[in-house]
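The exercises below are meant for a reader who is meeting this structure for the first time. Try each task on the structure itself before reading its solution.

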Amino acid sequence: MRVLISNDDGPPGSESPFLQEFVESLSATGWEIHVVIPHTQRSWIGKGVTISDSVTTSYYHPSVGSINDVHAEGAWTLLSCTPASCVNIALGNLFPPQYFDLVISGPNFGRNATTGSALASGTIGAAMEAALMHTKSIALSYAYFQRSDCADPKKATNATKMAVKVIHELVPLFKDIHAPDLYNVNIPLIEGPYDEIVVTDFHRGGYEQLYQMDPNGQFKFAPKYVSYEDAHPKSDFWAIAQHKVSVTPLVASFHVEQDHLNHLNSVLHNKRLATL
């Protein structure tokens with residue numbers, strides 16, 4: 001099994017605390033793992049691609065935790081571009097065509113649940129890019145409830161063990177003719193056992209203002225989220241709140257409901273008749 005791992009949080013560090021343990025755990029299963037990620041944190045960028053700037057390459061050496069311009073055995077590739085561009089360059093330039101069986105984007109530092117988060121997510125954007133390049137993919141996120149959860153090694157290891165298990169269960173499902181293009185997986189950062197893996201859809205939730213003005217009159221990113229207390233059962237946000245693993249099947253498309261198409265066709269048809 002050949003797997004490409006990318007993310008939107010960049011190389012291991014305070015903003016990407018889960019990647020190294022996840023890569024090591026997945027490698028221990030015997031799969032061939034390659035890592036191509038942004039050289040720095042690139043969250044909230046969706047499926048945007050880098051088009052104006054030339055993309056440069058550097059390397060992260062996981063055995064020593066250093067970054068330089070020298071490639072060596074086992075090094076991870078760092079690219080100065082968006083998560084989606086990392087995946088596109090990896091699949092289209094760095095490796096032979098159809099080399100990978102699966103692309104995993106993540107694990108993200110925080111949940112990617114509700115439509116508001118999903119549409120802005122660089123993690124999901126990278127997985128979408130893989131799907132558009134005809135490679136099955138999984139977007140993986142670790143959902144914390146308070147920031148201290150992220151510094152708890154027991155919770156991180158617990159989430160990683162569950163992530164590896166869930167991924168191994170999802171991979172065979174891609175062979176089904178009705179399989180989605182990708183799965184969005186959210187795993188709560190908890191110490192205890194996970195009592196259930198729930199198939200979910202997105203809770204339709206957004207946010208309010210994303211920026212706050214500082215004393216100098218400059219705008220700083222400081223998102224203000226709305227309450228999701230009304231999240232319906234079997235939605236991703238509901239599942240995470242219940243400490244359940246959320247798995248959402250997706251297609252790489254802006255889906256249009258047939259009822260909406262029928263209604264719009266009816267309205268426009270009636271308007272055309274009224275002008276005759």
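**Exercise 1. Decide whether D69 is buried or exposed, and find what D69 touches.**

Solution. Begin with the accessibility: D69 has a relative accessibility of 64% and therefore counts as exposed, given that buried means under 20% relative accessible area, exposed over 50% and partly exposed in between, with a 1.4 Å probe and protein chains only. Before going further, note that this is a predicted model, in which local features need pLDDT of at least 70 and side-chain atom pairs count only at pLDDT 80 or more, while totals for chains, interfaces and linings use all residues. Residues are numbered from 1 along each chain as its sequence is written, and side-chain values use heavy atoms, with hydrogens and water left out.

Next, place the residue: D69 sits in the loop between strand 4 (66-68) and strand 5, where helices (H or I, at least four residues) and strands (E, at least two) are DSSP runs numbered from the N terminus. Finally, list the contacts, a contact being heavy atoms within 4.5 Å. Not counting residues up to four places away in sequence, D69 touches T57, S58 and Y59. The C-alpha atoms of D69 and T57 are 7.2 Å apart, with their positions 12 residues apart in sequence.

**Exercise 2. Find where T77 lies and which residues T77 touches.**

Solution. T77 belongs to strand 5, and with a relative accessible area of 12% T77 is buried. When residues up to four places away in sequence are not counted, T77 touches V35, V36, I37, T57, S58, Y59 and L94.

**Exercise 3. Describe the overall make-up of the protein, starting with its helices and strands.**

Solution. First, the protein contains 7 helices and 12 strands. Its radius of gyration is 20 Å, close to the 19 Å that the globule rule gives for 276 residues, so the protein is as compact as a globular protein of that length; the radius is taken over C-alpha atoms, and the rule is 2.2 Å times the number of residues to the power 0.38. Second, of the 276 residues, 47% are buried. Third, among contacts with a separation of 6 or more, 76% come from residues 24 or more positions apart.

**Exercise 4. Work out which residues of helix 2 and helix 4 are buried, and what covers them.**

Solution. In helix 2 (residues 83-94), the buried residues are P83, A84, S85, C86, V87, I89, A90 and L91. Their cover includes strand 1 (2-6), strand 2 (32-38), strand 5 (76-79), strand 6 (102-109) and helix 4 (122-132).

Turning to helix 4, this helix is mostly covered, with 10 of its 11 residues buried. Those residues are G122, T123, I124, G125, A126, A127, M128, E129, A130 and A131, and their cover includes helix 2, strand 6, helix 3 (114-120), strand 7, strand 8 (182-188) and strand 12 (245-250).

After helix 4, consider T135, which lies in the loop between helix 4 and strand 7 and, at 10% relative accessibility, counts as buried. Leaving aside neighbours within four places in sequence, T135 is in contact with L91, F100, D101, L102, V103 and A130.

**Exercise 5. Find how many aromatic pairs the structure holds, and classify two of them.**

Solution. The structure holds 11 aromatic pairs; rings of Phe, Tyr and Trp (its six-membered ring) pair if their centres lie within 6.5 Å, and planes under 30 degrees apart count as stacked, over 60 as edge-to-face and the rest as tilted. The rings of F18 and Y142 have centres 5.0 Å apart and planes at 50 degrees, so this pair is tilted. The pair links distant parts of the chain, since F18 is in the loop between strand 1 and helix 1 (19-27) and Y142 is in strand 7 (residues 137-143), 124 residues apart. F18 is buried at 2% relative accessibility, and Y142 is buried with a relative accessible area of 0%.

For the second pair, the rings of Y99 and F100 have centres 5.2 Å apart and planes at 85 degrees, so the pair is edge-to-face. Both Y99 and F100 are buried.

**Exercise 6. Find which residues the ring pairs link into a cluster, and follow F109.**

Solution. Ring pairs join F18, F109, Y142 and Y144 into a cluster. F109 lies in strand 6 and is buried, with a relative accessible area of 18%. Apart from neighbours within four places in sequence, F109 has contacts that include F18, Y142, Y144 and R147.
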